[in-house]
Amino acid sequence: DLPGYGTEEASDDIITFNAGQKADILIYLSQANGFMRVEDINYLKENIRTLPVFEKKEENNVKPLSNLFVVASQANSVNNGNVKDLSIILQKGCENFCKTLAPKYWKKREDISGFTNYGTSILPKRFFTYTIDIPLLCKNFNSSLKEILEMLPEIINKRTQAFIEEYRRTYIAILETEIKMNEGLLSDKEEYCKKL
């Protein structure tokens, strides 16, 4: 839970931006009655780019961008939580965000994941409403968050194990050479002492 972005405090912006760069899951709240301001768009543009790619078309069943949640919070403030009005706000917010993206914005993610059409069909599904006053407006957010939270530990564990194994395979020959060199130095210790 970070202090916010686009506030009057520059230190808040720095803290929030830097933390977003290290997150596995990004839940970004923007008030529904002022949804997707310029500050929101700027923050998301940079932090979505660095969000880990957990979805792999041929490797797992993780839905694309399922670790991103762009949330219109305090949704009850829009016409008492009117679902139709909120849908329009989410749609417009997503469209405004997509207008600011470079044509190749999604390319790296598409190359890693094997999925395409992030900007047109995937991203709009990552926009949610939320308010504590109307449970119906939280339903999609709650179920999507629960789904990714249950899948993520296993995925991260498998990736960590694969990384360690690859690291071990890559560096074992280098380590063996270093060990032999150090053993040679120890066995030649007397000769080196005489030279010294």
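A residue is called exposed when its relative accessible area is over 50% and buried when that area is under 20%, with partly exposed residues in between. The legends below refer to a predicted model.

**Figure 1. Two residues with positive phi in the loop between β2 and α3, Q74 and N80.** N80 has a relative accessible area of 69%, and because the cut-off for an exposed residue is over 50%, N80 counts as exposed. Its phi is near 55°, a positive value in a residue other than glycine. Q74 likewise is not a glycine and has a positive phi, of about 50°. The relative accessibility of Q74 is 43%, so that Q74 counts as partly exposed.

**Figure 2. Overview of the protein, with its seven helices and three strands.** Read along the sequence, helices and strands follow one another in the pattern α-β-α-β-α-α-α-β-α-α. Of the 196 residues in the protein, 32% are buried. When contacts with a separation of 6 or more are considered, 71% of them are accounted for by residues 24 or more positions apart.

**Figure 3. Helix α3, residues 83–99, and the elements that cover its buried residues.** The 17 residues of α3 reach 24 Å from the first C-alpha to the last, which is close to the 24 Å expected at 1.5 Å a residue. The buried residues in this helix are L86, L90, G93, C94 and F97. Because these residues cover an arc of only 95° around the axis, they are placed on the same side of α3. On the other side of the helix, K84 and K99 are exposed. What covers the buried residues of α3 includes helix α2 (38–50) together with the strands β2 (68–73) and β3 (127–129). At the N-terminal end of α3, the cap is provided by N82, which has a side-chain oxygen 3.0 Å from the backbone nitrogen of K84.

**Figure 4. Helix α2, one of the elements that cover the buried residues of α3.** The end C-alpha atoms of α2 are 19 Å apart, which agrees with the 18 Å that its 13 residues should span at 1.5 Å a residue. Within α2, the residues D40, I41, Y43, L44, N47 and I48 are buried. One of these, I48, is also among the residues in contact with R109, the subject of the next view.

**Figure 5. R109 in helix α4, residues 107–113, and its surroundings.** The relative accessibility of R109 is 6%, and because a value under 20% defines a buried residue, this arginine counts as buried. The side chain of R109 is joined to that of E55 by a polar contact of 3.0 Å. When neighbours within four places in sequence are left aside, the residues in contact with R109 are I48, L51, P52, V53, E55, L65, N67 and Y118.

**Figure 6. The second largest pocket, with a volume of about 250 Å³.** Its lining consists of V83, L86, S87, L90, F127, F128, T129, L136, L137, K139 and N140. The elements that give two or more residues to this lining are α3, β3 and α6. Of these, α3 gives the most, with four residues. L86 and L90, both named in the lining, are also among the buried residues of α3.

**Figure 7. N140 of helix α6, one of the residues that line the second largest pocket.** Because its relative accessibility is 54%, N140 counts as exposed. The C-alpha atoms of N140 and K125 are separated by 9.9 Å, and the two residues are 15 residues apart along the chain.

**Figure 8. C138 in the loop between β3 and α6 (139–187).** With a relative accessibility of 5%, C138 counts as buried. Its contacts, leaving aside neighbours within four places in sequence, are with T129, Y130 and T131, and T129 is also one of the residues that line the second largest pocket. V71 is 67 residues from C138 along the chain, and the C-alpha atoms of C138 and V71 are separated by 9.8 Å.

Methods
Residues are numbered from 1 along each chain as its sequence is written. This is a predicted model: local features need pLDDT of at least 70, side-chain atom pairs count only at pLDDT 80 or more; totals for chains, interfaces and linings use all residues. Side-chain values use heavy atoms; hydrogens and water are left out. The expected span of a helix is 1.5 Å times one less than its number of residues. Buried means under 20% relative accessible area, exposed over 50%, partly exposed in between (1.4 Å probe, protein chains only). The arc is that of the directions from the helix axis to the C-beta atoms. Contact means heavy atoms within 4.5 Å. A polar contact is a pair of N or O atoms within 3.5 Å; within protein, one must be able to donate a hydrogen and the other to accept it, and residues adjacent in sequence count only if both atoms are side-chain atoms. On a 1 Å grid over the protein atoms alone, a cavity is a set of points where a 1.4 Å probe fits but cannot get out, and a pocket is an open set with protein on both sides within 12 Å along at least five of seven lines; lining residues have an atom within 4 Å of a point. Grid points are joined across faces, edges and corners, and a volume is the space filled by probe spheres set on the points.
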